[in-house]
Amino acid sequence: MTTTALASLAHLAVRDLSVSFQTDGEPIRAVRRIAFDVKPGEILAIVGESGSGKTVSSRAMLGLLPRTARIEGSAQLDDTELVGLKGEAVRRVRGDRISMIFQEPSTALDPVRTVGWQISEALRSHRPLSRKAAMARAVELLDLVGIPDPEVRVHCYPHQMSGGQKQRVMIAMALSCDPELIVADEPTTALDVTVQAQILDLLHDLREKLGTAIILITHNMGVVADLADRVAVMFQGEIVEENSAAELFANPHHPYTQHLLAAVPHLGKPRPAIMDEVAPPPVASRVVMAMRDLHVSFPGRIGSPPVHAVRGVNLDLHAHEILALVGESGSGKTTLGRCAVGLQEPTGGVIELLGTPLGSVSARDLRTLRRRLGFVFQDPAASLNPRMSVGACITEPMKVAQEGTVGERRARAAELLEAVELPVEFAERYPHELSGGQRQRVSLARALVMRPELVVADEPTSALDVSVQAKVLEVFVRLQHETGFACLFITHDLAVVDMLADRIAVMKDGELVESGTADEVLRAPREDYTKALIAAVPLPDPVEQALARQRRRALRAATRQ
């Protein structure tokens, strides 16, 4: 049957699907009477902010919700009703006819089993295969998803693979039983742009080769523009708009969709007006951090050579400047940031921080120096003490430094909560009572509590929804302009970099390969690696993204020659 003929058939039909969760109080309604269809070979993107009901609605169809969930309505896969399936009936569907790619492969994969064992076990659960035949099929699947040396990597454990490779293993497992439908839940959220581009190309090719239907759950509108045929927009448990990808991006109707698209950072898009309110720092301004011929090495395994994380880096950061440090995972960005604040001791070279050489400073003087530094971590949920109130988390650095009275600390917490646009009453709450975006603003307030001269921000917005990310960045830039701190901003999101950075430094395999102003690096890159990074950035426009995909593949082909 042709693709056109298949497209006329509804493969998955969801009607009036509602999900609520029983609590000690009133039930929480997470999904409210949603309806959509997925046709064979079609990619439907379900987009919206965290808490909008995207993942809950898809897990409801697979029986993956806790017992406190109450599911109503219908989700029919061809002639099989999914809602209400139990026991052996749901196991025959799950993994065989419908499979799921989970958001975080590190937690979805068993750390004590090889990836080959896990793929073959999924196969043998649904197919009458011997262990040898299942392992041979696992090798084929790893080769299909682009894992190099699949005969060798099939015997690797998850921790021996990169994030992108683990995500490919998840895709191989999802494909193992030739499912009719794949649910991909944020499959590229924490991946570098180049790895993300490879995963998107892989999903696109699998749809073309195998005709597999895909439900793509994401808040990344660039990913939607790259992959989706149709888009359903969810807000507070409801689908507020559904249209073809081209029409939705060109002419969004619902105010929430318009707000969502307006918040998306776009490589090449003009900077927000706030970025032009303060002139860029002069080149001759005071240097607050200087690195000269910096090297960092870590011991390898027994019998293995050391791992060189940073190789001969020379870098300056000036006062009142935002310097973005970009590159793929493993390029040395975070190691460099840790060196900048004295959390990692280099094995060679010199770091001068706020006029003080770190190599000759005593432990006591280093503690004093750190009072002039701030650090914004990637995951605020892990960096804030869950047993302390928000106010106590913010003022903990003051308490450790024995600065201020209890009243003065309380006043400082209130001042910073207002600065990051959170209610002062939040000081009495605990971190788990806040959303991800609110916790990240608390993390920013904590970093600024000692009025630092230098702030290191390590991937502070990578896991945030686009609208929340836009607000956090707006607050970040406003505070940077008001207080004048210098910032080393570590990220792999070039669209965010384009929006806020004064200068950009590009790292690859521990080396600094290119640096310059945002216009110099992003608009006229010299290095092939920088060009590949830029080409891999998904653009939130289906027409532009289709052209970008062609350029990316042409660049990749030229590189291989």
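The following exchange goes through the predicted model of this chain, from its overall form to its sheets and cores.

The model is predicted, so local features need pLDDT of at least 70 and side-chain atom pairs count only at pLDDT 80 or more, while totals for chains, interfaces and linings use all residues. Residues are numbered from 1 along each chain as its sequence is written, and side-chain values use heavy atoms, with hydrogens and water left out.

Trainee: What is the radius of gyration of the chain, and what does the globule rule give for 561 residues?
Mentor: The chain has 23 helices and 20 strands (DSSP runs numbered from the N terminus, H or I of at least four residues for helices and E of at least two for strands). The radius of gyration is taken over C-alpha atoms, and the globule rule is 2.2 Å times the number of residues to the power 0.38. The chain is as compact as a globular protein of that length, because the rule gives 24 Å and its radius of gyration is 25 Å.

Trainee: What share of the 561 residues counts as buried?
Mentor: Buried means under 20% relative accessible area, exposed over 50%, and partly exposed in between, with a 1.4 Å probe and protein chains only. By that criterion, the share of buried residues in the chain is 51%.

Trainee: Which strands stand at the edges of the open sheet of four strands?
Mentor: Pairing requires that DSSP finds at least two bridges between two strands, and the order here is E2-E1-E4-E5, with antiparallel pairing. One side of each edge strand is left without a neighbour in the sheet, because each has a single partner strand; these are E2 (28-38) and E5 (80-81).

Trainee: Which residue of E5 stands opposite Leu77?
Mentor: Strand E4, residues 69-77, runs antiparallel to E5, and two bridges join them. Opposite Leu77, in E5, stands Thr80.

Trainee: What is the order of the open sheet of six strands?
Mentor: The pairing in this sheet is mixed. One of its pairs is E6 (residues 98-101) with E7, parallel over four bridges, and E7 is also joined to E8 (residues 213-218), again in parallel, by five bridges. The full order is E6-E7-E8-E3-E9-E10.

Trainee: Is strand E7 largely enclosed or left open by the rest of the structure?
Mentor: In a regular strand the side chains alternate between the two faces of the sheet. In E7, Leu181, Val183 and Asp185 are buried on one side, and Ile182 and Ala184 are buried on the other. Since five of the five residues of E7 (residues 181-185) are buried, the strand is largely enclosed.

Trainee: At about what angle to E8 does helix H2 run?
Mentor: Six of the eight residues of H2 are buried, so the helix is largely enclosed by the rest of the structure. H2 lies across E3 (43-47), E6, E7, E8 and E9 (230-235). With axes fitted to C-alpha atoms, for helices over the stretch in contact, and angles from 0 to 180 degrees between N-to-C directions, the angle to E8 is about 145°.

Trainee: How many residues are in the largest nonpolar core?
Mentor: A nonpolar core is a set of buried Ala, Val, Leu, Ile, Met, Phe, Trp, Tyr and Cys residues joined through side-chain atoms within 4.5 Å. Ile394, Leu444 and Phe476 are among the members that touch the most others, and the number of residues in this core is 57.

Trainee: How many residues has the other core, which lies apart from it?
Mentor: Among its members are Leu123, Met161, Met170 and Leu203. This separate core has a residue count of 49.

Key: Contact = heavy atoms within 4.5 Å.
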